[in-house]
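Here are a few exercises to work through with the model open in your viewer. Try each task before you read its solution.

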Amino acid sequence: MDTATVAKQADALARAWSPPSAPPSWELTAAMFETLRDQPELLALLAEIPEDRLPPLLFSAATTFLVRRLEAEPLGRSYPVAGAPQPPLSPTFARDYHSFCLAHRDELLALCAEHRYQMSEPGRCAHLLPALALAAGSRDVALVDLGTGAGFALQLDRYRYVYRHPDGTRTTVGDDSAAVTIETEARGPRRLPLPSEPPRIVARAGVDTEPADLADPSIRAWLAACTPPEAGALTRFERAADVVLSNPVAVHRGDVVDALPGLIAELPSGTLVCLLDAYVHVFFEPEQLERFGRLLAEAGRDRDLDWISLDPLVPLGPSARRAVVDVHVPATILQRGRDGGVFGVLSRRAFRDGRDRASLLALGHPGGAWLEWLAPDG
Ligand SMILES: C[S@@+](CC[C@H](N)C(=O)[O-])C[C@H]1O[C@@H](n2cnc3c(N)ncnc32)[C@H](O)[C@@H]1O
């Protein structure tokens with residue numbers, strides 16, 4: 001890939017993660033991508049990484065991983081530790097980061113070749129929760145997380161949520177003693193349809209072609225490195241990882257589409273089947289998506305079920321035209337994407353008594369920082 005394209009990607013990431021409105025704790029994340037963007041020698045390194053491996057994201061994760069493993073000084077002093085406040089960003093960060101990357105060039109490129117970039121963000125559960133509550137009503141839920149990664153969404157009823165509304169009020173959902181608190185800013189004119197408590201989940205299962213086993217310290221350390229180096233995000237990741245380890249759920253290793261009919265057939269009858277997908281179907285080929293939709297419709301003839309999707313518009317990038325759930329996306333939203341807006345689309349396809357209805361629910365920040373409700377009828 002050419003260096004100009006990589007520079008553009010690094011620039012877009014700096015702006016997306018740390019817009020002018022972001023708290024100072026996001027300065028380090030922005031500084032990392034800005035240094036990659038501004039240093040020709042670093043851009044040349046990134047250009048060696050194949051485009052489909054997301055060079056700036058993968059390389060920045062590799063640097064965070066290595067800074068922590070080597071306890072690199074002075075660079076490491078700018079990086080947060082879970083549970084502690086964000087340390088101040090060193091005034092020499094850009095210079096130190098640049099030198100570190102060049103000094104460890106080979107190790108960093110080896111890490112990039114060995115790993116893929118995988119962000120596992122429990123914060124996304126703050127987006128899935130209202131959709132799940134809408135779907136469930138008062139019914140018991142059998143939850144299936146498609147492309148579950150580290151399995152954070154399978155625990156979404158075990159976290160506490162704080163939604164900050166535009167008028168300054170807050171709504172809290174979940175147990176006050178929960179180990180993980182996820183805070184989200186509600187945006188836009190519509191009030192979020194929040195439940196008083198999380199839905200009752202009576203069965204859970206995950207599926208992933210490459211489940212991430214948090215019990216393996218090297219996998220956990222890599223996923224932590226893929227989390228932006230912001231104190232809140234890192235603390236959320238580590239605490240949610242402990243919740244996952246304390247509450248094991250069976251995760252089927254395999255392809256979502258192949259596994260779907262079998263997974264649904266095993267769930268207890270009388271429950272509402274809720275299939276979650278967070279940043280998974282966006283990576284499907286059109287034929288795969290079509291096959292998934294067909295299998296879903298077949299299953300939806302026999303029992304009530306919901307597919308709740310949180311995915312960027314497809315195809316990824318400025319030519320995005322549609323949502324992965326076959327639902328109308330207004331031109332104004334497509335335009336927001338073209339104008340550089342970075343968001344996931346929360347949508348839902350519900351099957352009730354054999355009837356099928358798709359709806360567009362909300363837009364949300366990829367890391368869960370904000371949620372803008374769109375659906376007029378909840
Ligand atoms: C970007 S990660 C998202 C993980 C998780 N849903 C989250 O939001 O933190 C995408 C996950 O989907 C999995 N995946 C992608 N395509 C898949 C497929 N066809 N079948 C099963 N898993 C898949 C990947 O292995 C990866 O763990």
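**Exercise 1.** Is Trp 370 buried, partly exposed or exposed, and how many other C-beta atoms lie within 10 Å? Then place this residue in the fold and list what it touches.

*Solution.* Keep in mind that this is a predicted model. Start with the count: Trp 370 has 19 other C-beta atoms within 10 Å. The cut-off for a buried residue is 20 or more, so Trp 370 comes out as partly exposed. Next, the location: Trp 370 sits in strand S11, residues 370-373. Now look for partners. Setting aside residues up to four places away in sequence, Trp 370 touches Thr 184, Glu 185, Arg 187, Gly 364 and His 365. For a long-range check, take Glu 183: its C-alpha is 8.6 Å from that of Trp 370, although the two are 187 residues apart along the chain.

**Exercise 2.** Give Leu 128 the same treatment: is it buried or exposed?

*Solution.* Inside 10 Å, Leu 128 has 23 C-beta neighbours, so it counts as buried. The residue belongs to helix H7, residues 125-136. Beyond its neighbours within four places in sequence, Leu 128 is in contact with Ala 153, Leu 156, Leu 276, Ala 278, Ile 308 and Leu 310. For the long-range check here, use Gly 368: it is 240 residues from Leu 128 in sequence, with a C-alpha to C-alpha distance of 9.8 Å.

**Exercise 3.** In what order do the strands of the sheet run, and which strands stand at the edges?

*Solution.* Walk across the sheet strand by strand. The order is S3-S2-S4-S11-S10-S9-S8-S7-S1-S5-S6, which gives an open sheet of 11 strands with mixed pairing. The edges are strand S3 (170-173) and strand S6 (251-253); each has a single partner strand, so one side of each has no neighbour in the sheet. From one strand to the next, the twist averages 25°.

Now zoom in on the S3 edge. Strand S2 (residues 160-164) runs antiparallel to S3, and 4 bridges join them. One pair to find there is Tyr 161 with its bridge partner in S3, Val 173.

**Exercise 4.** How many residues of strand S1 are buried, and which strands does S1 pair with?

*Solution.* Begin with burial: 6 of the 6 residues of S1 (residues 141-146) are buried, so to speak a mostly covered strand. Then sort the side chains by direction. Val 141, Leu 143 and Asp 145 point one way, while Ala 142, Val 144 and Leu 146 point the other, and all are buried.

Finish with the pairing:

- S1 pairs with strand S5 (residues 201-208) in the parallel sense over 6 bridges, and Val 144 has Ala 205 of S5 as its bridge partner.
- S1 also runs parallel to strand S7 (residues 272-278), again with 6 bridges, and Leu 146 has Asp 277 of S7 as its bridge partner.

**Exercise 5.** At what angle do helices H4 and H6 pack, and which residues make the contact?

*Solution.* Helix H4 (residues 55-70) and helix H6 (residues 105-114) pack at about 120°, with axes 9 Å apart. That angle makes H4 oblique to H6. The crossing is right-handed. On the H4 side, the contact uses Leu 58, Phe 59, Ala 62, Thr 63, Phe 65 and Leu 66; H6 brings Glu 107, Leu 108, Leu 111 and Cys 112. Sorted by type, that's 8 nonpolar, 1 polar and 1 charged.

H4 also packs against helix H2 (residues 27-38), at about 115° and with axes 11 Å apart. This crossing is right-handed too. Here Met 32, Phe 33 and Leu 36 of H2 meet Pro 56, Phe 59 and Ser 60 of H4. The tally is 5 nonpolar, 1 polar and no charged.

**Exercise 6.** How do the axes of helices H10 and H11 cross?

*Solution.* The axes of H10 (residues 256-266) and H11 come within 9 Å and cross at roughly 10°, which makes H10 roughly parallel to H11. Val 256, Val 257, Leu 260, Pro 261 and Ile 264 of H10 meet Gln 288, Arg 291, Phe 292, Leu 295 and Ala 299 of H11. By type, the contact has 8 nonpolar, 1 polar and 1 charged. As a last step, follow H11 (residues 286-302) to the sheet: this helix lies across strands S8, S9 and S10, at about 150° to S8.

Notes: Residues are numbered from 1 along each chain as its sequence is written. This is a predicted model: local features need pLDDT of at least 70, side-chain atom pairs count only at pLDDT 80 or more; totals for chains, interfaces and linings use all residues. Axes are lines fitted to C-alpha atoms, for helices over the stretch in contact, and angles run from 0 to 180 degrees between N-to-C directions. Helices (H or I, at least four residues) and strands (E, at least two) are DSSP runs, numbered from the N terminus. Angles under 35 degrees count as roughly parallel, over 145 as roughly antiparallel, 65 to 115 as roughly perpendicular and the rest as oblique. A crossing is left-handed if the near helix is turned anticlockwise from the far one by less than a right angle, and right-handed if clockwise. Two residues are in contact if their C-beta atoms, placed from the backbone, lie within 7 Å. Ala, Val, Leu, Ile, Met, Phe, Trp, Tyr, Cys and Pro count as nonpolar, Asp, Glu, Lys and Arg as charged, and the others, Gly among them, as polar. A residue is buried if 20 or more other C-beta atoms lie within 10 Å of its own, exposed if 12 or fewer, and partly exposed in between; C-beta atoms are placed from the backbone. Two strands pair if DSSP finds at least two bridges between them.
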